[in-house]
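User: I am new to this structure and would like a close look at a single part of it. Please take one cavity and the elements around it, and set them in the context of the chain.

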Amino acid sequence: MSTHPVPSRRTVAKGALLGAAAVLFGTSAARAAEGPAALRLPAPTGPHPVGLRTFALTDTSRVDPWEPGVRQVMISVLYPARTVRGFRRAPQLTPAEAREFAGLAPLVRPGLPAAGVDWGAVLTQGHVDAPPLPGRRPVLLYTPGGGDSRTLGTTLAEDLASHGRIVVLVDHPGDASQVELPGGMRWTVLTGPPDPATFRTMIDTRVADLRFVLDRLGGLPLAPVMDLRRIGVYGHSAGGTAAVHALARDGRIVAGVNLEGHLDLDPDLVAGLDRPLLMFRTDGFEESARIERSWAGVRARRVLLPHANHWIFSDYAYLVPQLQAAGLVTAGARAALVGPGDPAAATAVVRRGVRSFFDRRLPAAPAGTSAADSPRRVSQ
């Protein structure tokens with residue numbers, strides 16, 4: 001919690017969000033009278049079980065843009081595990097994060113219930129501290145949608161890890177709904193869609209976070225299984241914007257995937273991008289016209305998901321239909337979040353598309369070949 005003697009911007013914003021939630025969504029408790037909904041995330045499709053480790057990183061060279069102090073980020077590293085026997089599965093949210101998200105959920109994502117969900121009971125397929133599979137593997141950075149925590153990109157990351165990649169989920173405190181740092185909880189400063197100045201700060205901060213994480217990967221305990229000459233980046237929404245900007249600005253990153261992020265913040269920067277880029281969008285996103293305009297002239301392969309909406313690229317693709325089945329989300333809210341179509345079909349397209357793209361651009365070293373012999377860059 002905040003140690004400031006007067007309420008900070010994040011404390012005031014959180015209070016306003018929770019107060020509004022109590023007024024607007026109090027009826028969710030009645031719908032949830034039968035007990036909290038039990039939610040499940042799907043298993044990855046690859047041959048390897050998945051390990052997970054979490055790290056807190058402090059960048060003493062930067063001042064946090066959202067509150068006083070130096071910049072801190074949390075990351076989760078998912079990787080192919082040698083064995084997961086005896087290692088527990090990680091929850092999607094820590095107990096403290098789950099308590100905070102239970103109140104923030106309907107304000108961060110309108111249509112989600114304010115009661116009736118045990119968010120702390122949602123388990124990932126990542127096994128905490130499981131030993132990594134030997135070998136040096138390509139590394140992918142993930143940056144989530146605006147207002148989302150890193151763990152809402154768990155299922156796609158686990159799928160990529162199960163197929164032999166190292167995936168680093170990056171949280172952006174102050175932007176994300178909630179992040180538990182070693183020094184306490186951070187809440188989002190966002191109380192609605194960001195204005196242009198706030199969005200600029202978000203993207204610049206996210207790109208700086210990604211580059212800082214890249215700087216620090218070589219010092220982590222998992223560094224021996226990371227091939228830091230083969231790095232990719234992907235992100236959703238604001239994270240998609242940040243991913244493309246990081247790809248354009250940092251020569252260490254070979255290829256990127258943009259999951260429905262705007263590219264009109266720095267059009268000259270992205271227009272000159274000469275590295276492999278894959279971009280997905282949905283037909284239901286209310287800002288699809290802006291997305292299309294901002295993508296014009298950008299060299300990239302494009303994929304359209306029909307009967308889908310913006311949050312289909314996150315774990316909401318799996319969670320929201322379960323909430324609808326439990327009577328906690330309306331059909332209209334489901335359509336506004338993930339679309340009216342078959343989420344399993346849509347997410348299968350995303351999984352296969354992202355995986356095959358990185359397979360081509362960041363191929364794993366073939367048997368008998370050292371990481372030093374692996375190609376660093378493949379033309380688009």
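Analyst: What follows goes from the chain as a whole to the largest cavity, and then to the helices that line it.

This is a predicted model, in which local features need pLDDT of at least 70 and side-chain atom pairs count only at pLDDT 80 or more, while totals for chains, interfaces and linings use all residues. Residues are numbered from 1 along each chain as its sequence is written, and side-chain values use heavy atoms, with hydrogens and water left out.

The protein chain has eleven helices and twelve strands. Helices (H or I, at least four residues) and strands (E, at least two) are DSSP runs, numbered from the N terminus. Of its 380 residues, 57% count as buried; buried means under 20% relative accessible area, exposed over 50%, and partly exposed in between, with a 1.4 Å probe and protein chains only. Among contacts (heavy atoms within 4.5 Å) with a separation of 6 or more, 75% join residues 24 or more positions apart.

Now the cavity. On a 1 Å grid over the protein atoms alone, a cavity is a set of points where a 1.4 Å probe fits but cannot get out, and lining residues have an atom within 4 Å of a point. Grid points are joined across faces, edges and corners, and a volume is the space filled by probe spheres set on the points. By this rule there are three cavities of 30 Å³ or more, and the largest cavity has a volume of about 80 Å³. Its lining includes Leu-152, Gly-153, Thr-155, Leu-156, Ile-312, Phe-313, Thr-347, Val-350 and Arg-351. Helix 4 and helix 11 are the elements that give two or more residues to this lining. Helix 11 gives the most, with three residues.

Helix 11 covers residues 343–361. Its 19 residues should span 27 Å at 1.5 Å a residue, and its end C-alpha atoms are 27 Å apart, which agrees. The expected span is 1.5 Å times one less than the number of residues. At the start of helix 11, a side-chain oxygen of Asp-342 reaches to within 3.0 Å of the backbone nitrogen of Ala-344. The buried residues of helix 11 include Thr-347, Val-350, Arg-351, Val-354, Arg-355 and Phe-358. An α-helix has 3.6 residues a turn, so residues three or four places apart point the same way.

Helix 4 covers residues 154–162. Asp-159 lies in helix 4 and counts as buried, at 0% relative accessibility. Leaving aside neighbours within four places in sequence, Asp-159 is in contact with Arg-351 and Arg-355, and also with Pro-44, Thr-45 and Gly-46. Of these partners, Arg-351 is also among the residues that line the largest cavity.

Ala-157 is in helix 4 as well. This residue is buried, with a relative accessible area of 0%. Not counting residues up to four places away in sequence, Ala-157 touches Leu-78, Val-167, Leu-169 and Tyr-234. The C-alpha atoms of Ala-157 and Leu-141, which are 16 residues apart along the chain, are separated by 9.4 Å.

To recap, helix 4 and helix 11 each give two or more residues to the lining of the largest cavity, and Asp-159 is in contact with Arg-351 and Arg-355.

Key. Polar contact = N/O pair within 3.5 Å; in protein donor to acceptor, adjacent residues only side chain to side chain. 1 Å grid on protein atoms, 1.4 Å probe; cavity = no way out; pocket = protein on both sides within 12 Å on 5 of 7 lines; lining within 4 Å.
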